[in-house]
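Okay, thanks for squeezing me in. I'll put the sequence and the model up, and then we'll walk through it together.

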Amino acid sequence: MSRPLLDLAARFGTPLYVYDLATVRARARALLAAVTWRPFQPLFAIKANPVPAVAQAIVAEGFGVDAVSPGEVALALRLGVDSAKVLYTENNMTDAEQTAALAQNVLVNCGSLDRLQRLAQAGATRAAVRFNPDIGAGAHEKICTAGPLTKFGVHYSLVDQVRAVERGSALKVVGCHMHIGSGFLDADAFVRACGVLLSVARQLPNLEFIDFGGGLGIPYKPDDGPIDLARVGAEVSRLMAEFCAAYGRPLELRLEPGRFLVAESGTLLTTVTSVKTNPGPDGRTFAGCDSGFNHLVRPTMYGAYHRIANLSRPDAAPQKVDVVGNICESGDIFARDRMLPAPQPGDVLAIGDAGAYGSAMASTYNTRPLPAEVVLDGDLVRLARRRQTVDELLSAWEW
Ligand code: LLP
């Protein structure tokens with residue numbers, strides 16, 4: 001892979017995001033195979049990677065879309081996804097956004113009781129409810145999305161009040177949802193939370209589906225093992241079978257992974273621009289690059305680990321370096337104390353597993369343009385996004 005990546009760096013320049021659709025399809029198919037319960041409707045959490053060609057590859061495998069904003073709903077509909085396969089998991093949506101979602105005929109997954117009431121008042125006849133099962137998970141506190149500290153969902157103990165809205169209106173709660181956190185490799189907490197969600201679901205008579213959310217992690221660190229997908233698939237299938245037997249009819253199962261599908265498909269290519277070593281016994285060596293946390297914020301924001309390879313000099317003697325970016329902040333660090341084939345200016349580095357929440361979270365901080373993005377589909381190379389120019393950035397302002 002390193003030769004083609006170097007060719008892409010030469011052809012498109014760096015910083016450059018590259019996605020390999022073969023990996024995306026493999027992950028989508030692995031998930032479909034691991035879950036035996038039917039009906040099963042997986043959704044792609046498109047926030048992880050909204051690149052149309054990437055999302056399209058997943059949709060083509062039968063996935064719907066988990067959307068969290070009007071923009072993501074619009075993206076899903078423009079990709080041709082049937083509105084019945086789009087779930088809009090709202091978070092503090094406005095009334096205007098609610099009106100638009102109803103007009104688009106997408107199901108709103110309510111994260112609060114007052115939103116559920118307003119949906120009912122607006123004449124909606126169907127909605128889902130996101131519950132907080134009070135069990136969280138995730139690779140970092142900032143991406144744990146359930147439990148007492150988080151703003152998401154209706155606390156599971158308030159299911160009576162959900163029922164009261166249902167009884168007092170024409171609205172039926174057709175979906176029972178949770179998403180407890182992101183990036184877990186050990187599924188124990190997830191399976192426990194599924195049990196809590198099902199205890200809530202039992203009290204909702206009009207359900208069509210149960211959605212256990214996303215969150216499946218990937219092995220970012222060299223000593224991480226992959227998540228036991230077979231176990232996750234078997235557990236959710238078993239739980240659904242038991243639940244539906246008691247509920248009296250089969251419900252659709254939904255899962256909505258983002259990272260699991262796309263993280264490993266993506267690489268951020270960046271060029272080393274400067275290497276320096278501070279004097280003294282503890283002097284650090286900094287390998288500075290032409291990208292930064294404006295393009296991949298995960299290391300800065302979550303202390304996340306991303307593999308890094310020196311594509312230009314794979315056989316050079318290893319050296320301990322801090323790989324840093326070109327943004328004017330000390331936290332602009334891709335990796336601390338990383339052993340890399342000694343980088344030299346001009347070397348191309350590949351930052352791995354950058355396909356989820358990489359470009360999706362990129363910004364134009366320091367008035368630096370967004371990078372170019374390309375998609376590999378077998379031998380085909382497609383430009384997914386032109387490199388943004390400074391002129392484009394400046395033209396967004398009123399002068
Ligand atoms: N469903 C809902 C309602 C979500 O909020 C999320 C992610 C997902 C599904 C997909 O989660 P996944 O399968 O990708 O873990 N920026 C962070 C991750 C934030 C995730 C937010 N919600 C990161 O870079 O790790």
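So, starting with overall size: what radius of gyration does the protein chain have, and what would a compact globule with 399 residues have? Keep in mind that this is a predicted model. The protein chain comes out at 23 Å, and that agrees with a compact globule, because with 399 residues such a globule would sit near 21 Å. If you'd rather think in box dimensions, the C-alpha trace spans about 70 × 50 × 45 Å along its principal axes. As for what's inside, there are 12 helices and 18 strands in the protein chain, and buried residues account for 54% of the 399 residues.

Okay, on to the ligand. How many residues surround the ligand? There are 19 of them, and the closest are Ser182, Glu256, Arg298, Tyr302 and Tyr357. Sorted by class, that shell has 6 nonpolar, 7 polar and 6 charged residues. And which domains does the shell draw on? At least three residues come from each of domain 1, that's 2–16 plus 263–385, and domain 2, which is 21–261.

Let me zoom in on some polar pairs. Glu256, which I just named among the closest residues, has a side-chain N or O atom 2.7 Å from a nitrogen atom of the ligand. With Gly215 we're looking at the backbone: an N or O atom there lies 2.8 Å from an oxygen atom of the ligand. Then there's Lys47, where a polar side-chain atom is 3.3 Å from a ligand oxygen atom. And how much of the ligand does the protein bury? On its own the ligand exposes 580 Å², and the protein buries 93% of that.

Last stop, the loop between β12, at 285–289, and α11, at 298–302. Two residues I'd like you to look at there are His295 and Leu296. Buried or exposed, what would you say for Leu296? Leu296 is buried, because its relative accessible area is 1%, under the 20% cut-off. His295 has 3% relative accessibility, so His295 counts as buried too.

Now for some distances. His295 and Ser363 are 68 residues apart along the chain, with their C-alpha atoms separated by 6.5 Å. For Leu296 and His177, 119 residues apart along the chain, the C-alpha separation is 30 Å.

That's my tour. Happy to rotate the view if anyone wants another look.

Terms used:
Residues numbered from 1 in each chain as written. Predicted model: local features only at pLDDT ≥ 70, side-chain atom pairs only at ≥ 80, totals over all residues. Heavy atoms only, no water. Near = heavy atom within 4 Å. Polar contact = N/O pair within 3.5 Å; in protein donor to acceptor, adjacent residues only side chain to side chain. Areas by Shrake-Rupley, 256 points an atom, 1.4 Å probe, with all protein chains shown as cover. Nonpolar A, V, L, I, M, F, W, Y, C, P; charged D, E, K, R; others polar. Domains from an automatic or database assignment. Helix = DSSP H or I, 4+ residues; strand = E, 2+ residues; numbered from the N terminus. Rg over C-alpha atoms; globule rule 2.2 N^0.38 Å. Buried < 20%, exposed > 50% of the residue type's maximum accessible area, 1.4 Å probe, protein only.
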